[in-house]
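Welcome to a short set of exercises with worked solutions. Have the chain open beside you and try each task before reading on.

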Amino acid sequence: MVKRKSVWHKNIEKARKLMGKYSKKESEASVYINCSFNNTIITITNKQGNTLFWSSGGTAGLKGSRRSTAHAAKKAAKKIGNSARKAGLVRVDLFLKGIGKGRYGVAKVLRQTGLKIQKITDITPIPFNGCRPPKKRRI
(Lines give C-alpha, C1' and ligand atoms only; values in the text may rest on other atoms or scores of the structure.)
Protein backbone atom coordinates (compact mmCIF):
# COMPACT_ATOMS: atom_id res chain seq x y z
CA MET A 1 0.00 0.00 0.00
CA VAL A 2 1.40 3.40 -1.06
CA LYS A 3 1.38 6.10 1.56
CA ARG A 4 -0.04 9.33 0.14
CA LYS A 5 1.07 12.77 1.22
CA SER A 6 -1.58 14.91 2.76
CA VAL A 7 -2.53 18.33 1.44
CA TRP A 8 -0.65 19.93 4.34
CA HIS A 9 2.63 18.30 3.25
CA LYS A 10 2.13 19.51 -0.33
CA ASN A 11 1.64 23.09 0.86
CA ILE A 12 4.82 22.89 2.96
CA GLU A 13 6.78 21.69 -0.09
CA LYS A 14 5.43 24.58 -2.20
CA ALA A 15 6.37 27.06 0.52
CA ARG A 16 9.91 25.67 0.70
CA LYS A 17 10.32 26.02 -3.07
CA LEU A 18 9.16 29.64 -2.92
CA MET A 19 11.48 30.41 -0.01
CA GLY A 20 14.39 29.01 -2.00
CA LYS A 21 13.48 31.34 -4.84
CA TYR A 22 13.92 34.40 -2.64
CA SER A 23 16.61 33.06 -0.32
CA LYS A 24 19.18 35.61 -1.50
CA LYS A 25 17.75 38.88 -0.29
CA GLU A 26 18.87 41.75 -2.48
CA SER A 27 18.07 45.30 -1.50
CA GLU A 28 19.26 47.02 -4.72
CA ALA A 29 18.25 46.39 -8.31
CA SER A 30 17.86 47.99 -11.73
CA VAL A 31 14.49 48.58 -13.42
CA TYR A 32 14.44 48.73 -17.22
CA ILE A 33 11.30 50.24 -18.76
CA ASN A 34 10.93 49.74 -22.50
CA CYS A 35 8.05 51.90 -23.77
CA SER A 36 7.17 51.28 -27.39
CA PHE A 37 4.08 52.45 -29.25
CA ASN A 38 2.49 49.00 -28.86
CA ASN A 39 3.45 47.80 -25.37
CA THR A 40 5.39 48.63 -22.21
CA ILE A 41 7.80 46.00 -20.86
CA ILE A 42 9.22 46.39 -17.35
CA THR A 43 12.16 44.24 -16.23
CA ILE A 44 13.80 44.18 -12.81
CA THR A 45 17.36 42.85 -12.74
CA ASN A 46 19.96 42.51 -10.03
CA LYS A 47 23.26 44.40 -10.25
CA GLN A 48 24.83 41.57 -12.29
CA GLY A 49 22.08 41.88 -14.93
CA ASN A 50 20.15 38.68 -14.15
CA THR A 51 16.39 39.08 -14.52
CA LEU A 52 14.47 38.83 -11.25
CA PHE A 53 10.98 39.91 -12.37
CA TRP A 54 9.34 41.15 -15.54
CA SER A 55 5.91 42.36 -16.53
CA SER A 56 4.17 44.01 -19.47
CA GLY A 57 0.82 45.35 -20.52
CA GLY A 58 -0.10 41.90 -21.81
CA THR A 59 0.78 40.06 -18.59
CA ALA A 60 -1.21 42.66 -16.65
CA GLY A 61 -4.34 41.30 -18.34
CA LEU A 62 -4.89 43.65 -21.27
CA LYS A 63 -5.08 42.62 -24.91
CA GLY A 64 -4.76 44.29 -28.28
CA SER A 65 -4.55 48.04 -28.58
CA ARG A 66 -5.22 48.51 -24.85
CA ARG A 67 -1.68 47.27 -24.09
CA SER A 68 -0.26 50.52 -25.49
CA THR A 69 -2.11 52.76 -23.02
CA ALA A 70 -0.69 54.45 -19.96
CA HIS A 71 -3.18 52.53 -17.83
CA ALA A 72 -1.67 49.21 -18.94
CA ALA A 73 1.83 50.45 -18.10
CA LYS A 74 0.72 51.52 -14.62
CA LYS A 75 -1.03 48.21 -14.03
CA ALA A 76 2.11 46.28 -15.00
CA ALA A 77 4.25 48.54 -12.79
CA LYS A 78 2.00 47.97 -9.79
CA LYS A 79 2.16 44.21 -10.30
CA ILE A 80 5.94 44.12 -10.58
CA GLY A 81 6.46 46.66 -7.77
CA ASN A 82 4.48 44.61 -5.28
CA SER A 83 6.36 41.42 -6.14
CA ALA A 84 9.69 43.27 -5.82
CA ARG A 85 8.76 44.56 -2.37
CA LYS A 86 7.80 41.05 -1.27
CA ALA A 87 11.21 39.83 -2.41
CA GLY A 88 12.91 42.46 -0.24
CA LEU A 89 13.97 45.08 -2.78
CA VAL A 90 14.24 48.61 -1.41
CA ARG A 91 16.33 50.79 -3.74
CA VAL A 92 16.21 50.76 -7.54
CA ASP A 93 17.85 52.55 -10.46
CA LEU A 94 15.44 53.40 -13.29
CA PHE A 95 16.41 53.13 -16.97
CA LEU A 96 13.81 54.48 -19.43
CA LYS A 97 13.89 53.51 -23.10
CA GLY A 98 11.48 54.52 -25.85
CA ILE A 99 8.84 57.19 -26.30
CA GLY A 100 5.64 55.32 -25.53
CA LYS A 101 2.77 56.29 -23.26
CA GLY A 102 3.06 55.71 -19.53
CA ARG A 103 6.76 56.47 -19.39
CA TYR A 104 6.63 58.64 -16.30
CA GLY A 105 3.51 57.04 -14.87
CA VAL A 106 5.47 53.85 -14.32
CA ALA A 107 8.02 55.71 -12.17
CA LYS A 108 5.23 57.20 -10.05
CA VAL A 109 3.58 53.82 -9.49
CA LEU A 110 6.89 52.17 -8.57
CA ARG A 111 7.45 54.91 -6.00
CA GLN A 112 3.93 54.37 -4.61
CA THR A 113 4.59 50.65 -4.12
CA GLY A 114 7.39 51.53 -1.71
CA LEU A 115 10.51 51.32 -3.88
CA LYS A 116 13.03 54.14 -3.46
CA ILE A 117 14.24 55.39 -6.85
CA GLN A 118 17.91 56.39 -6.62
CA LYS A 119 18.46 57.64 -10.16
CA ILE A 120 16.56 57.92 -13.44
CA THR A 121 18.47 57.47 -16.70
CA ASP A 122 17.15 57.82 -20.24
CA ILE A 123 18.72 55.22 -22.54
CA THR A 124 16.59 55.90 -25.62
CA PRO A 125 18.75 55.40 -28.73
CA ILE A 126 19.20 58.66 -30.65
CA PRO A 127 20.69 58.66 -34.17
CA PHE A 128 23.59 61.06 -34.63
CA ASN A 129 23.10 61.48 -38.37
CA GLY A 130 20.04 59.37 -39.08
CA CYS A 131 18.86 57.76 -42.28
CA ARG A 132 19.54 59.20 -45.70
CA PRO A 133 16.68 61.50 -46.74
CA PRO A 134 14.65 60.74 -49.87
CA LYS A 135 15.96 62.15 -53.13
CA LYS A 136 14.76 65.54 -54.41
CA ARG A 137 11.48 65.55 -56.29
CA ARG A 138 11.78 66.38 -59.96
CA ILE A 139 8.86 68.08 -61.66
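**Exercise 1.** In which sense do β1 and strand β2 pair, and over how many bridges?

*Solution.* A word on the material comes first. This is a predicted model, in which local features need pLDDT of at least 70 and side-chain atom pairs count only at pLDDT 80 or more, while totals for chains, interfaces and linings use all residues. Residues are numbered from 1 along each chain as its sequence is written, and side-chain values use heavy atoms, with hydrogens and water left out.

Step 1: settle the terms. Helices (H or I, at least four residues) and strands (E, at least two) are DSSP runs numbered from the N terminus, and two strands pair if DSSP finds at least two bridges between them.

Step 2: read the pairing. β1 and β2 (residues 40–45) are antiparallel, with six bridges. A hairpin of four residues connects β1 to β2.

Step 3: find the partners. Tyr32 has Thr43 in β2 as its bridge partner, and Val31 faces Ile44 in β2.

**Exercise 2.** Follow the pairing outward from these two strands and assemble the sheet.

*Solution.* Step 1: move to β4. Strand β1 (residues 28–35) runs parallel to strand β4 (residues 91–98), and eight bridges join them. Val31 is opposite Leu94 in β4, and Ile33 is opposite Leu96 in β4.

Step 2: move to β3. β2 and β3 run antiparallel and are joined by five bridges; Ile44 has Phe53 in β3 as its bridge partner. The hairpin of β2 and β3 has five residues between the strands, and Gly49 there adopts a positive phi near 100°.

Step 3: put the order together. The five strands make an open sheet, β3-β2-β1-β4-β5, with mixed pairing. β3 (51–56) and β5 are the edge strands, each pairing on one side only. From one strand to the next, the twist averages 20°.

Step 4: check burial. Five of the six residues of β2 are buried (under 20% relative accessible area, where exposed is over 50% and partly exposed is in between; 1.4 Å probe, protein chains only).

**Exercise 3.** How do the axes of α2 and α3 cross, and which residues meet?

*Solution.* Step 1: recall the description. Two packed helices are described by the angle between their axes and the distance between the axes.

Step 2: apply the description. The axes of helix α2 (residues 70–87) and helix α3 (residues 103–112) come within 9 Å and cross at roughly 30°. Axes here are lines fitted to C-alpha atoms, for helices over the stretch in contact, and angles run from 0 to 180 degrees between N-to-C directions. α2 and α3 are therefore roughly parallel (under 35 degrees; over 145 is roughly antiparallel, 65 to 115 roughly perpendicular and the rest oblique).

Step 3: list the contact (heavy atoms within 4.5 Å). On the α2 side are Ala73, Lys74, Ala77, Lys78, Ile80 and Gly81, which meet Gly105, Val106, Val109 and Leu110 in α3. These residues of the contact divide into six nonpolar, two polar and two charged. In this scheme Ala, Val, Leu, Ile, Met, Phe, Trp, Tyr, Cys and Pro count as nonpolar, Asp, Glu, Lys and Arg as charged, and the others, Gly among them, as polar.

Step 4: place both helices on the sheet. α2 lies across β2 and β3 and runs at about 155° to β3. α3 lies across β1, β2, β4 and β5 and runs at about 165° to β4.

**Exercise 4.** Which residues does Lys119 touch?

*Solution.* Step 1: locate Lys119, which is in strand β5 (residues 116–122).

Step 2: list the neighbours. Leaving out residues up to four places away in sequence, Lys119 touches Val92, Asp93, Leu94 and Phe95. The C-alpha atoms of Lys119 and Arg91 are separated by 9.6 Å, and these residues are 28 apart along the chain.

Step 3: look at exposure. Lys119 has a relative accessible area of 43%, so Lys119 is partly exposed.

**Exercise 5.** In what order do the elements of the chain run?

*Solution.* Step 1: count the elements: three helices and five strands.

Step 2: read from the N terminus, which gives α-β-β-β-α-β-α-β.

Step 3: add the totals. Of the 139 residues in the chain, 32% are buried. Among contacts with a separation of 6 or more, 63% are between residues 24 or more positions apart.
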